Amino acid sequence: MTAVAWVIAVVALGLAVWGTISARRARVAAVVATRRAWSAAAEPAGERLATAFAALPVSVLVVDASAVITDVNRRAADVFPLVAPGMGVLEAFGDHLLAGRMRDALRVGDPAEFDLRLYVEGRQTFRVVIVPFDGADGREALLYLRDTSEVTAYQELRSQFVANVSHELRTPLTGMRGMLEALEDPDIPTEVRLDFAHRARLESERLEALIDDVLFLSELEAAQGDPVGARSDMGEIAGVVVGELAAEAVEKGVSVDVEAANGAWTALTDRMARTVVRNLVENAICYAGPGATAVVRVRRVGDMVDVEVVDDGLGIPEKSVPHVFERFYRADPSRSRSVGGTGLGLSIVKHIADRLGGTARLSSREGFGTTVTVSIPAVDPPVTDVPGGRGDAPGTRLRW
């Protein structure tokens with residue numbers, strides 16, 4: 001082979017080697033570029049997942065195969081401030097049922113869902129969901145905890161309410177049935193017959209009042225917010241209601257005064273306003289006792305209208321004060337039944353006040369009287385084209 005051929009062969013071999021190296025470099029560069037692209041895409045995706053995990057509106061925790069918490073989202077950290085990564089489930093929550101269900105889910109791999117009561121600023125009910133999944137280091141699990149305390153409390157209240165209504169309905173019905181059965185006796189004396197008929201009528205009236213109160217309470221619960229377009233002058237209504245109850249007050253030996261200022265307008269319907277005043281005044285008349293005096297005051301205080309009924313009567317025991325606005329609660333059950341109360345009056349009053357963003361409160365001292373104050377947001381009077389109309393009505397002071 002000549003020298004020229006050797007040179008040509010060496011150059012060709014060099015070009016081939018260089019081409020192979022360049023191709024390999026290109027492939028390596030392509031792989032590196034692809035991996036970099038994947039990493040660049042995965043990094044923001046991981047950040048998005050972390051952001052989404054932190055922002056979930058329910059408490060979520062990540063638990064590893066050893067039942068140790070490895071991550072906690074923001075909601076869980078707020079609800080369970082003492083729970084932190086690195087703690088075992090039993091150590092974190094102090095509940096053996098939860099720890100046992102978590103171990104079972106991690107061992108078997110099946111999800112679990114159940115209700116659990118935990119002590120978090122008082123006893124609260126949570127809906128717990130455990131979802132196992134296969135992680136990089138073995139089986140892990142997501143632990144969801146959703147606070148259902150309000151729903152549970154409402155369900156318990158509803159069940160209790162149904163039981164109480166059934167009991168309250170059964171009492172007058174049983175009495176009426178007994179008296180009607182006695183009236184079937186042809187030999188019953190006339191005066192006894194008349195007495196039974198009178199008592200049966202009273203029981204029927206009590207039953208009717210109870211049904212009306214239950215239906216009205218149901219209507220209040222079904223609607224929320226201010227009644228659209230409603231306006232009521234609480235001062236004027238107080239005067240009218242006390243006038244309607246004047247005969248009952250005289251019969252019970254209770255003196256009732258009214259001090260009503262003008263401009264006491266609220267967004268209550270006429271029925272709601274009359275119910276508030278009537279229930280408060282009837283309570284004072286029925287429970288203050290003979291010789292007592294009750295004062296009904298209606299005035300505007302800042303942005304609120306206060307309806308206050310003060311009496312100097314018998315009062316109620318201190319232990320009963322925190323419960324007076326509960327449904328069917330009676331400080332003196334035997335006396336309440338004798339005066340025909342339904343046990344829902346003050347509960348309805350509070351419900352009406354709460355619906356409009358107001359308050360209802362009671363203070364009492366046994367032997368020194370009772371004060372009940374209902375505060376309801378004030379509103380502007382209705383527009384009237386008549387000068388000196390209802391919006392400009394003067395204050396009222398009445399006495400019965």
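This is a short tour of a predicted model, moving from one selection to the next.

**Stop 1: the α7/α9 pair**

Start by selecting helix α7 (residues 234-244) and helix α9 (residues 270-287). Packed helices are described by the angle between their axes and the distance between those axes. Here the α7 and α9 axes are 9 Å apart, at an angle of about 55°. That angle makes α7 oblique to α9. Turn the view to look through one helix onto the other, and you have a right-handed crossing of α7 and α9.

Now show side chains at the contact. From α7, pick Met234, Ile237, Ala238, Val240, Val241, Val242 and Glu244. From α9, add Asp270, Ala273, Arg274, Val277, Arg278 and Val281. Colour this contact of α7 with α9 by residue class and you get 9 nonpolar residues, 4 charged ones and no polar ones.

**Stop 2: the salt bridge across the pair**

Stay here and zoom in on Glu244 and Arg274. Side chains of opposite charge can pair when their charged atoms come close. Glu244 and Arg274 form a salt bridge, with 2.7 Å between the closest N and O atoms. This pair ties together distant parts of the chain, as Glu244 sits in α7 and Arg274 in α9, 30 residues apart. Switch on a surface: are these two buried or exposed? Neither, quite: Glu244 is partly exposed at 41% relative accessible area, and Arg274 is also partly exposed, at 25%.

**Stop 3: helix α11**

Next, select residues 345-355, which make up helix α11. Of its 11 residues, 8 are buried, so α11 is largely enclosed by the rest of the structure. The buried ones are Gly345, Leu346, Ser347, Ile348, Val349, Ile352, Ala353 and Arg355.

Two other α11 residues deserve a click: Lys350 and Asp354. They form a salt bridge, the closest N and O atoms being 2.8 Å apart. Why do they line up? An α-helix has 3.6 residues a turn, so residues three or four places apart point the same way. Lys350 and Asp354 are 4 residues apart, which means about one helical turn separates them. Both are partly exposed: Asp354 has a relative accessible area of 39%, and Lys350 has 28%.

For a link back to the α7/α9 pair, select Glu244, Arg274, Arg278 and Glu282 together: salt bridges with shared partners join these four into one network.

Before leaving α11, step just past its end to Gly357, where phi is positive, at about 85°.

**Stop 4: Asp134 and Arg139**

Jump to Asp134 and Arg139, another salt bridge, with its closest N and O atoms 3.9 Å apart. How exposed is each partner? Asp134 counts as exposed, at 64% relative accessibility, whereas Arg139 counts as partly exposed, at 28%. If you want to hunt down the rest, the model has 12 salt bridges by the rule used here.

**Stop 5: Ala67**

Finish in the loop between β1 (59-63) and β2 (69-72), where you'll find Ala67. Most residues other than glycine have a negative phi. Ala67 has a positive one, near 65°. Bring the surface back on and check Ala67 once more: it is buried, with a relative accessible area of 14%.

Technical notes:
Residues numbered from 1 in each chain as written. Predicted model: local features only at pLDDT ≥ 70, side-chain atom pairs only at ≥ 80, totals over all residues. Heavy atoms only, no water. Salt bridge = Lys/Arg side-chain N within 4 Å of Asp/Glu carboxyl O. Buried < 20%, exposed > 50% of the residue type's maximum accessible area, 1.4 Å probe, protein only. Axes fitted to C-alpha atoms, helices over the stretch in contact; angles between N-to-C directions. Parallel < 35°, antiparallel > 145°, perpendicular 65-115°, else oblique. Left-handed = near helix turned anticlockwise from the far one by under 90°. Contact = heavy atoms within 4.5 Å. Nonpolar A, V, L, I, M, F, W, Y, C, P; charged D, E, K, R; others polar.
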